[in-house]
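Let's take a walk through this one, going from the domain layout down to a single pair of helices. Have the viewer open as you read.

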Amino acid sequence: MSTDLAAGAPPAGGAGRPAARRRPDLRLSARGLGTVVRLELRQRVRSTRWLVALAVWVAVIALVTVLVGLAFASEDLLGPDPVGQGPLVFSLIVFLVLSMGLLVSPALAATAVNGDRAAGTLAPLQVTLLSPLEIALGKLVAAWVASLVLLLAAAPFLVWAYAQGDVALGAVLSTLVLTALVLAVVCAIGLGWSAVCARPAASAVLTYVSVASLCFLSPLVFALTAPMVLTDEQVTVREQDFTGVTQEFDDRGNLIGEEPPCVEAVRTQPVFHSERTWWLLALSPYVVVADAAPRPPVDPRTGLTTFDPLSGIREGVRAARLGPQPEDYDFCTRSEAEFAAQEAARRERLDGARAVWPWGLGANLALGALGVAAAARRLQVPYGELARGTRVA
Amino acid sequence: MTAPVSSHPPPAGPFAAAAAGGVLARGVRRTFRGSVAVDAVDLDVPPGQVTALIGPNGSGKTTLLLVLAGLLVPDAGAVTVAGVDLRADPVTARARVGWMPDVHGTWDSLTSREVLATVADAYRMPRDAAAARVGELLELVHLTELADRPAHVLSRGQKQRLGLARAIVHSPAVLLLDEPASGLDPRSRVELRDTLRALAASGAAVLVSSHVLAELDELADRAVFVAHGRTVDVREDVQRGGTGGAAATARRYRLRALDDGALARALADLGAPGTPVAGGTDVVVATEAAAADLVARLVGAGVPLVSFAPAAGALEQVYLDLDDGERR
Ligand SMILES: Nc1ncnc2c1ncn2[C@@H]1O[C@H](COP(=O)(O)OP(=O)(O)O)[C@@H](O)[C@H]1O
Ligand SMILES: [Mg+2]
């Protein structure tokens, strides 16, 4: 017994806390998790503010969807029966739902821990048999369920957009699943900040900053670092050989006579090594959702895929990941048929290129896990040092 | 390893008796970023008794209770709670401790019944047993009528009663209450006192922190006084005037008689000169026996004595002595 006392004796300096710090408490049970989830959901769902938020959410999405529908129904915009209208409408609705989800989800979790602490309802949970992981994950699951309800409320609008035609059914599913996962990540990041920051206002701001950084800052950094991966290299280019050729054009500017022949030449060219920085793009939730959506079917009238923002993002990031390709240095003018063939080859290569979204999703999930781990660590009692500006209860 | 706890010699006795339950704390110290909140507290909370933790604002009562409740790591010291070493097995200790904080936060969208059911769930109590226990507790704290209304309609005192129920859902062996009586109306105070006495009678070790001494006089069996984060005095048996303090002081009694002159003369004759004050005459008497003796002599001397009572509550007197008018 006296050794117990010795272990508890003040260390020489008096400032440090002895080795009681701290085996992580990793207990996790379904019952404990369920207790926290039920508590959190009851506490949230009953507050009328939440129902108002849900109503506003549906109203905003409905309004934008109706506007999109009206815009495309008017023949002035794209002419009668425009090609590619379905994928375009679908893309817009996907971006709308994802953006709204990214805007609202932080609010669901970003004050989960410090808000409770301020309200005096955190410590009474911590003194029970609930483990820090159960409290952290329970809060995460509850916030996620709330954001899933929002997503589900938005699903009919996605289905409506799908019904506009030319969209792969898989795109609806991948969008819903990946948006759900992205929202879980956002909730987890908010939870982490709410445990790290003393003040709810600070954690809310940091959560929004984190989400905005993921969405927009990482593509921006990709663009800004482009000069750093732009190197002058010797590359083989295909170009027209104009030596000894005089070109003549008719009144309408069409070339008279033969095209000059194509020749290969070795030249020093700036080469954009985007294969070194593509992962910056992959971090963005927009890229994750867009890249995972299957390509719309080829338009039977043109034999080409139509352009829509989702496919645009997907092709852009996959091309970035592949890095420079031979046809980037093919400067020969081509016939329509040549162009179509090259376009088909390019698309095939991009379709064959490995997907980018698993990397982005993986990185996002890792960030979310970091948030949960931070929260669980901060929730473990007994506390050693308290964060500045916080009290226990 | 040698124990540099020279001021607290390892008391094999109390720690050997730790299995008996209650709280045993030795040399507890806790700082916040260098500022000392609890300096060196020794505290025993025996089962079956109500122990009062008394000290001025800022003397470290709340911090000490947080350490005992398993929310704060002590910088130094050893704590055994309900037979469990807090450092070695904090989770088991938590299962045996009930803690009522001094802030009465509650999940305000939940009903009182749900609040208690949630806490029962959090302590892993079997569901059907929990439901019965919740009903019983609601009855105990007189919230049955409000049981199914959201907690935000509760008044401060009602919230506090809910807080008490929340702290004892799992029938803890050790109950820690941080200023439980502040904000309660007189009836609720009496009920709180009866509830805590009943819990103690059923074997729980109850620790009540407060600086409202009047309510503790009738509640506590023992009193532990802290000041500046240190245990400064311990009184056993406070219901009977208080004994065994480290500085067992003589007690001041206030006397009133129909004839003040006769009283003053009689006191002077008996060698116990009184001090005239607004409400009568004050006399300092060493022990209760001496007080009884003094009454008999005064009456015997024919003084028309009207009242003979302690000038201040037993606890109040000690408190005022140690407070020295100094607050943090
Ligand atoms: N979380 C904290 N951070 C810094 N100082 C604290 C903290 N909690 C308490 N203190 C300080 O410790 C001392 C004791 O506080 P407390 O335990 O609340 O006293 P009491 O409950 O007896 O009024 C006070 O001086 C207080 O300012
Ligand atoms: Mg206090």
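Keep in mind that this is a predicted model. A good place to begin is a helix pair in chain A: helix 8 of chain A passes helix 9 of chain A in a right-handed crossing. Helix 8 covers residues 132-162 and helix 9 covers residues 169-196; their axes come within 9 Å and cross at roughly 150°. Angles over 145 degrees count as roughly antiparallel, so that is what helix 8 of chain A is to helix 9 of chain A.

Now look at the side chains between them. From helix 8 of chain A, the residues that meet helix 9 of chain A include A136(A), L140(A), W144(A), L148(A), L151(A) and Y162(A). Across from them, helix 9 of chain A brings in, among others, L169(A), V172(A), L176(A), L183(A), C187(A) and L191(A). Sorted by class, this helix-helix contact has 18 nonpolar, three polar and one charged residues.

Zoom out to the whole of chain A. Its domain 1 is made of two segments, 24-223 and 358-378, and its domain 2 of 228-280 and 296-355. The C-alpha centres of these two domains of chain A lie 39 Å apart. Where they touch, domain 1 of chain A puts in 18 residues and domain 2 of chain A puts in 17 residues. About 1400 Å² is buried between them, with carbon and sulfur atoms giving 73% of that area.

Over in chain B, the assignment gives domain 1 as 15-240 and domain 2 as 251-327. Here the C-alpha centres of the two domains of chain B are 37 Å apart.

Note on methods: Residues are numbered from 1 along each chain as its sequence is written. Chains are lettered from A and ligands numbered from 1 in the order in which they are written. This is a predicted model: local features need pLDDT of at least 70, side-chain atom pairs count only at pLDDT 80 or more; totals for chains, interfaces and linings use all residues. Side-chain values use heavy atoms; hydrogens and water are left out. Domain bounds come from an automatic or database domain assignment. Axes are lines fitted to C-alpha atoms, for helices over the stretch in contact, and angles run from 0 to 180 degrees between N-to-C directions. Helices (H or I, at least four residues) and strands (E, at least two) are DSSP runs, numbered from the N terminus. Angles under 35 degrees count as roughly parallel, over 145 as roughly antiparallel, 65 to 115 as roughly perpendicular and the rest as oblique. A crossing is left-handed if the near helix is turned anticlockwise from the far one by less than a right angle, and right-handed if clockwise. Contact means heavy atoms within 4.5 Å. Ala, Val, Leu, Ile, Met, Phe, Trp, Tyr, Cys and Pro count as nonpolar, Asp, Glu, Lys and Arg as charged, and the others, Gly among them, as polar. Buried area is the accessible area (1.4 Å probe) that two parts lose on being put together, summed over both.
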